[in-house]
Amino acid sequence: MLESNPDTETTTAAPNSSVAQSVVASLHDISKTYYMGALSVEVLHGISLDFYAGDYIAIMGPSGCVKTTLMNILGCLDQPTTGKYFLGQDDTSQMADDELSTIRGARLGFIFQSYNLIQQLNVLENIEMPLFYQGYSAADSHEIAMGLAQKVGLDDRVDHKPFELSGGQQQRVAIARALAVDPLIILADEPTGNLDSKSGAEILDIFDELNAQGKTLLMVTHSDELVERSKREIRLRDGRVESDERLHS
Amino acid sequence: MSDFTLNSDSPVGHPGKAPPTHPHLAFNFVRLKKITAVGVKSIYSHGLRSLLTVLGIVIGVAAVIAMLAVSEGASFEAQQQFRDLGANNILLKSVKPAEVEASSSRGFGPPQAIIYGLTIADITTIRESIPGISNVIASRIVKKNVWNLGKSMNTDVVGTAVDYPSSRNYNLRAGRFFSEAEVRDHANVVVLSHEVANTLFPIDNPIGQSIKIDSDYYNILGIMESEGFSNLGQNQAGASNSAPSRIYIPFTSSKSRFGETTTRQTAGGMESETVELHEAIIQIDNQDAVIEVGEIIGQILQRRHKNIDYTIEVPLALLRQAEESALRDQIVAGAIAGISLLVGGIGIMNIMLASVTERTREIGIRRALGAKKKDIITQFLIEAVILSGVGGLIGVVLGILIPFVISAFWGMTTIVTPAAPLLAFSISALIGVVFGIYPAMRAADMDPVEALRHE
């Protein structure tokens, strides 16, 4: 990072010409401060980043807190203290709770380390859930969910409950669920953290395939294997962007 | 990868399957059905716990219905009794004064000749001083042995007027009542009660035959139907006759055959009683005035009689009392049932709070996947309503069965009105909403980040 101008800083890792140039999400000078009584801790210090359609991003960092906080803000689960976060064309930093819920459901797909499937519901119902909150009809939801179950190779397990599946299978259900609404970005928080290396590799293969189809993936991880597969690596340190590089380009 | 193949030409997104342009319009029956299905699943997965939770509601609803049925039945019975006595009637009866009764039952002292009770002069005075009295049916009641050949029974011989049956909704089963002409002629004719007819004529038809009282024969004209409730009413009023066996002869015949004085053997000797009238039914034109007229008659009789040797019975007033006490019963029953429903509601709130805590993570997941606070509230509220609704349904079934059991084993009249189950069920559903709203709001107010992190 030779230039100190923040405007150009975010463009240092702009994709090469083979990737579409449109920005799907961008962070503008995001900071986050937690207040605990009289004590205040600033976790993020003015982070600015642009994310492009079809990109495959890995965010790395030593401390869990900074990564988690950034992930929560990117996931519209938490609001920045200052700064703007654009998801699509909309600034989410001033949105009310209901609008945030809607935008989460419509534009984001979540993949968690611990899968976070609902145990009472079967595979198909878990995949259908984001569609339900978006108001899709039952017939459409069913068709989409069946298609996605097939896509992740679980079309013969749609009636199973999550606890009847292996970790890798559960994470595949979670991927199908994240794809259900065709989101702008898929956010994955340590997606292979709970998996053995074989299942983890399978999940990453799926990610590669999805990215090859044009899906935008953003992962938070400390695993080098994940970073190797990504196209852009962002390193955080002390609540700031330490480095932002394009890989394999 | 053997089990994972991405179809490279599969389109991104879902062409032709866009979400509705007005998502709020999509909050419809289908959506509700889906949320309900999720709720049922969650309740079903904790079967025993859910069952125990709704027990309070079950008991409350069953209690409401059963108690209403029992009190409704009791008040129906009471009202039936008094209605049979006639809502337009005032009943006067002669009773032996208390002090005379006391001295004669001691069984010593000289033979007594007692004169008491209502007189024809009383009735005349009442008729003359109160307007609006349409009719007075005066009766004399004498206890006699009645014979049909070898069979006999002791019964009340009621000397009365032709209007007697119509005055108290008392109908003939067969034959006819005696006529005005027969009253004028002091005719030896008789109408039997159902019970007497059955005892004296177990096989053959009594109509056209005759019975013997003392040394006279009386032609049987008709048979009354079973007295049922009206007789119970008389017992309650403390009338001299307690047997359902009564026979009816013209007033004039009774007076000329049996006289006004009866003698009977007591422990201490002979005792004679002179009673002019045993019973009088006063009919009033206007039902609204019945209770007031009853009070005026009371004042007139109080002036004319030294001792209280009469009773005044206003069926309408008794009916009102019965209705009031039925209402009181229902209020008490309602309060008990209300408390039990309240306890049931608190049980539901308790279990819903536990459920919210238990499912914190689920709430977080749903919020992350696009559920609004409103959606979470709806989900938990529906679950609470399902719980209380199922409890209410079980309660309704029990509440309808219990009165049947009560009727079968204790012979009480119970009436389940359609309103009772409906009311009880609506209350139980309402309880689900009232006691479910706080846990549901707590669920919705959770911070999604915190909820997702919850173990």
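Two residues count as in contact here if their C-beta atoms, placed from the backbone, lie within 7 Å. Keep that in mind as you click around, and remember that this is a predicted model.

**Stop 1: helix α4 of chain A**

Select residues 123–134 of chain A, which make up α4. Twelve of the twelve residues are buried, so the helix is largely enclosed by the rest of the structure. The buried set includes charged and polar side chains such as E125(A), N126(A), E128(A) and Q134(A), alongside V123(A), L124(A), I127(A) and F132(A), among others. What do the buried residues of α4(A) pack against? Show α3 (97–107), α5 (138–151) and α6 (167–179) of chain A, then add α1 and α13 of chain B: those are the partners. Now step past the end of the helix to G135(A), which follows α4(A) and has a positive phi, near 85°.

**Stop 2: where the chains meet**

With α1 and α13 of chain B already on screen, bring up the whole contact between the chains. It takes 35 residues from chain A and 30 from chain B. On the chain B side, the elements giving two or more residues are α1 (29–44), α12 (360–368), α13 (373–410) and α15 (448–453). Colour that side by class and you get 16 nonpolar, nine charged and five polar residues.

**Stop 3: the core**

Next, pick I59(A), L187(A) and I65(B). These have the most contacts inside the largest nonpolar core, a set of 122 residues. Helix α2 of chain B (residues 47–85) supplies the largest share of this core, 14 residues. Zoom in on I65(B): leaving aside neighbours within four places in sequence, I65(B) touches V396(B), G399(B), I400(B), V416(B), A420(B), P421(B) and A424(B). For a second, separate core, of 50 residues, select L85(B), F178(B), M224(B) and A280(B), which are among its members.

**Stop 4: a sheet in chain A**

Chain A has eight helices and ten strands. Four of its strands form an open, antiparallel sheet in the order β2-β1-β4-β5. Why is one side of β2 (39–52) and of β5 (90–91) left without a neighbour in the sheet? Both stand at the edges, so each has a single partner strand. Further in, highlight β1 (residues 23–36) and β4 (residues 82–87) of chain A: five bridges join this antiparallel pair. To find the register, look for A25(A), which stands opposite L87(A) in β4(A).

**Stop 5: two unusual phi angles**

Most residues other than glycine have a negative phi. Two spots to check go the other way. C76(A) has a positive phi of about 60°, and sits in the loop between α2 (64–74) and β4 of chain A. Over in chain B, L149(B) has a positive phi of about 50°; look for L149(B) in the loop between β3 (133–148) and β4 (151–160). Which of the two is buried, and which exposed? C76(A) is buried, with 24 other C-beta atoms within 10 Å, while L149(B) counts as exposed, with 9 C-beta neighbours inside 10 Å.

**Last stop: chain A as a whole**

Zoom out and colour chain A by confidence. The average pLDDT is 87, and 90% of the residues score at least 70. Over residues 1–12 of chain A, though, the pLDDT is below 50; beyond near neighbours in sequence, that stretch has eleven contacts in the model. Where pLDDT is low, the predicted coordinates should not be read in detail. Across the 249 residues of chain A, 47% are buried. Of the contacts in chain A between residues at least 6 apart in sequence, 69% join residues at least 24 apart.

Key: Residues are numbered from 1 along each chain as its sequence is written. Chains are lettered from A and ligands numbered from 1 in the order in which they are written. This is a predicted model: local features need pLDDT of at least 70, side-chain atom pairs count only at pLDDT 80 or more; totals for chains, interfaces and linings use all residues. Two strands pair if DSSP finds at least two bridges between them. A residue is buried if 20 or more other C-beta atoms lie within 10 Å of its own, exposed if 12 or fewer, and partly exposed in between; C-beta atoms are placed from the backbone. A nonpolar core is a set of buried Ala, Val, Leu, Ile, Met, Phe, Trp, Tyr and Cys residues joined through C-beta atoms within 7 Å. pLDDT is the predictor's confidence in each residue, from 0 to 100.
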